[in-house]
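Thanks, everyone, for making the time this morning. I would like to walk through one structure with you, starting with a strand and its partners and then turning to a pair of helices.

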Amino acid sequence: MESIPPWILARYRDLEGRPHAPHGGGLINRTFLVEGRAGKVIVQRLHPVFAGVVNEDIDAVTAHLARKGLVTPRPLRTGDGALWVDDEEGRPWRALSFVEGQSHDRVSGPSFAREAGRMVARFHAAVADLVHDYRHVRAGVHDTKKHLATLEAALDAHAGHRLFGEVEPLARRLLAEAARLPDLSKLPLRHVHGDLKISNLMFQGEQAVCLVDLDTLGQMIWPFEMGDALRSWCNPAGENVDLVAIDADTFGAALAGYGEIARGSGLVSAEEAGAIVSGLATICLELSARFLADALREVYFGFDARRFPARGEHNLVRGKGQLALFDSVQAQRTGLEHAAQIALG
């Protein structure tokens, strides 16, 4: 069984020599639950994509959240005051306070989505006045033009690929659709969580209590932050099938919950609220472009070897699914925009 190196635990006075075990189902960081002398603690070895300085961002943001009265995991310092410990490979380890609760892999219905929307709005309201320059900045996050260019380059470079005949017509349609989307780049950047899949919200019973997995904190336009959340929450079929659709009831409930907190507060401008469906559509196309590019390049996304012969076949299905999700958004655009106006207006 995997374990934490004893010398890492020894850097934390409350954790030295304490029992621990792997915890949760996250695919990025290696996570352990440690029975500390004063209570449970989460200890993680970070994925190489995250530098140790990301913990400085988490410390600043969670301190701000705590001052506003929100529940949040907090980074714990070592005996000598450090926010993380580098191991022999230069990989950072950190300790976080433990928040009791459960995470979920899917949104079970509109009432669940409404509560998730409330929680995200409370988070956004709390960080709206935060003043912080992020030390760890993820390059290219939701840089739609970059992802579209990567897809075009993949088409040029992999014309002989076994899946090219299936990928190419989908990619050409995607690129044509993307050219018709409005440019949202002039909207203001706001402090965001950055990865609002439902498993990054902690619940106690039916009540959402906090956001977790805070390595993606940063600044982003609001329609991309919420568009990515709604893309995940409102697609009950998930990312690994090619026939998917947006659930309009879940969409409306999630934004209604958000609006209960945000409406009338100035948290979201009328222009931002009016762009939410375009943000959602853009995120669907962006992710489809990434999957279709990797169906040809076969270098990035993992795949399920039990269901697919190789990475390319799995990513082709994923790419078809996100393109179908985009089509569903466009087909329901009028109703979705009306629901957003009622919820946020």
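Let me begin with one pairing, bearing in mind that this is a predicted model: leucine 76 has alanine 95, in strand β6, as its bridge partner. That bridge belongs to the contact between strand β4, residues 75-76, and β6, which pair in the antiparallel sense over two bridges.

What else pairs with β6? Strand β3, which covers residues 39-45, also pairs with β6 in the antiparallel sense, here over five bridges, and within β6 it is serine 97 that serves as the bridge partner of valine 41. Strand β5, residues 85-86, runs antiparallel to β6 as well and is joined to β6 by two bridges, with valine 85 finding its bridge partner in tryptophan 93 of β6. Between β5 and β6 lie five residues, so to speak the turn of a hairpin, and glycine 90 in that turn has a positive phi of about 80 degrees.

Is β6 itself mostly covered or mostly open? Strand β6 spans residues 92-97, and five of its six residues are buried, which leaves the strand mostly covered.

Turning now to the helices, the axes of α2, residues 54-67, and α3, residues 110-127, come within 9 Å and cross at roughly 100 degrees, which means that α2 is roughly perpendicular to α3. On the α2 side the contact involves Val61, His64 and Leu65, which meet Phe123, Ala126 and Val127 in α3. Sorted by character, the residues of this contact comprise five nonpolar, one polar and no charged.

Notes
Residues numbered from 1 in each chain as written. Predicted model: local features only at pLDDT ≥ 70, side-chain atom pairs only at ≥ 80, totals over all residues. Heavy atoms only, no water. Buried < 20%, exposed > 50% of the residue type's maximum accessible area, 1.4 Å probe, protein only. Helix = DSSP H or I, 4+ residues; strand = E, 2+ residues; numbered from the N terminus. Pairing = 2+ DSSP bridges. Axes fitted to C-alpha atoms, helices over the stretch in contact; angles between N-to-C directions. Parallel < 35°, antiparallel > 145°, perpendicular 65-115°, else oblique. Contact = heavy atoms within 4.5 Å. Nonpolar A, V, L, I, M, F, W, Y, C, P; charged D, E, K, R; others polar.
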